[in-house]
Amino acid sequence: LGSTLVVRRRFDPEDTLAAIAHHRATALAVVPVMLQRMMDLPDGVASRYDTSGLRVIAVSGSALPGELAHNVMDRFGDVVYNLYGSTEVAWATIAGPADLRAAPGCAGRPPRGTTVRLYDDQGEEVTERGQTGRIFVGNDMAFDGYTGGGGKDVIDGLMSTGDVGHFDEAGRLFIDGRDDEMIVSGGENVFPREVEDLLADPPCVADVAAIGVPDDAWGERLAAHVVPVVGMEPTADDLKAYVKENLAGFKVPRDIVFSDELPRNATGKVLKRMLVSD
C-alpha cells in the first residue's frame with residue numbers, strides 16, 4: 001500500500017503512544033496484552049499524546065476480552081478490529097467496532113472470499129446457532145503443509161483451525177477454546193475460554209488463564225491463574241462466587257492461583273504448559 005512502517009525492537013506502552021502521535025499513525029497492529037499494558041498506564045499519561053489519527057487498531061494473536069475492547073474504544077474511539085485466524089488458514093473472521101460493541105468477545109464474521117463452517121467430531125456440519133463445533137476455514141491463503149510433513153484436518157475442502165466455537169443468531173463467531181483444551185468435569189464438557197472470558201470482566205482482574213487439573217470427585221476441574229490489579233486484590237472465594245453466579249457449578253474453578261504475571265511467548269500467547277496447580 002506504500003505505507004510507512006514504524007517498528008520497534010521491543011514493546012513499551014508509552015513509547016508506542018509517543019510514536020503514534022509523532023508519526024501520525026493511522027493503524028496500530030498489536031496483540032491484546034499490549035493493549036492491556038497501554039490501558040494500565042497511570043492516569044494522565046495517555047492524554048499527553050495525540051492519537052486521533054488512528055483509524056484502525058488491529059488486534060490478533062490471542063483472545064481479546066470484551067471488556068478490554070470496550071475500554072480501548074472508549075479511549076481511542078471505535079477503531080478496534082479483532083482478527084481471528086491462524087498461520088495455517090490465514091484469516092478466518094474479523095470483528096469490527098460495531099460487532100465488538102454489540103457482542104463483546106466475539107471473533108466476528110468471515111470477510112469476502114472466506115468460508116467458515118463448524119463440524120462435529122463425526123465430520124457432520126453443525127448448523128444450529130449457539131451449538132459448539134470444530135472450526136474449519138476455506139480461502140485462497142491456506143498453507144500447503146508443515147515442512148516436517150503432515151498438515152491440518154480437512155473436511156469439504158476446508159481446513160481445521162484447531163479451535164472450537166459457535167455462531168450467534170447474528171452470524172458472529174465466538175471462540176469457545178482449543179479442541180485439545182476441553183476437559184470433562186462430572187460428565188460435562190468444559191472449555192477454559194468461557195471461564196477466562198468471565199473472570200476477565202471484573203475491574204480487579206488484570207489477566208487470567210485457566211487450565212484443567214485432576215479432581216477426585218469430578219474427574220477434572222479448572223484451575224484459574226489470576227493476575228490481580230494492584231491495590232484491588234480479590235479473594236479466591238470472591239472469584240469463585242462470581243463464576244458460580246454466572247455459570248454452571250461444574251465450571252467453577254477448583255483452584256484460584258494468584259500470580260504477578262502470566263508466562264507468555266513472543267506473540268503474547270499464554271504458555272499454559274508452564275502453569276501448574278497443586
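These legends go from the whole chain down to one glutamate. This is a predicted model, where local features need pLDDT of at least 70, side-chain atom pairs count only at pLDDT 80 or more, and totals for chains, interfaces and linings use all residues. Residues are numbered from 1 along each chain as its sequence is written, and side-chain values use heavy atoms, with hydrogens and water left out.

**View 1. The whole protein chain.** Here you get six helices and 15 strands, which are DSSP runs (helices H or I, at least four residues; strands E, at least two) numbered from the N terminus. The C-alpha trace spans about 55 × 50 × 40 Å along its principal axes. Of the 278 residues, 44% count as buried (under 20% relative accessible area, 1.4 Å probe, protein chains only).

**View 2. A sheet of four strands.** This open sheet runs in the order 1-2-3-4, with mixed pairing; two strands pair if DSSP finds at least two bridges between them. Strand 1 (27-30) and strand 4 sit at the edges, each pairing on one side only. Strands 3 and 4 run antiparallel and are joined by five bridges, and Ser86 stands opposite Ala90 in strand 4.

**View 3. Glu88 in its loop.** Look between strand 3 (80-86) and strand 4 (90-95) for the loop that holds Glu88. Glu88 is buried but has no salt bridge, meaning a side-chain nitrogen of Lys or Arg within 4 Å of a carboxyl oxygen of Asp or Glu. Lys152 is the nearest side chain of opposite charge, 4.6 Å away (Lys and Arg count as positive, Asp and Glu as negative; His and the chain ends are not counted).

Terms used
Buried < 20%, exposed > 50% of the residue type's maximum accessible area, 1.4 Å probe, protein only.
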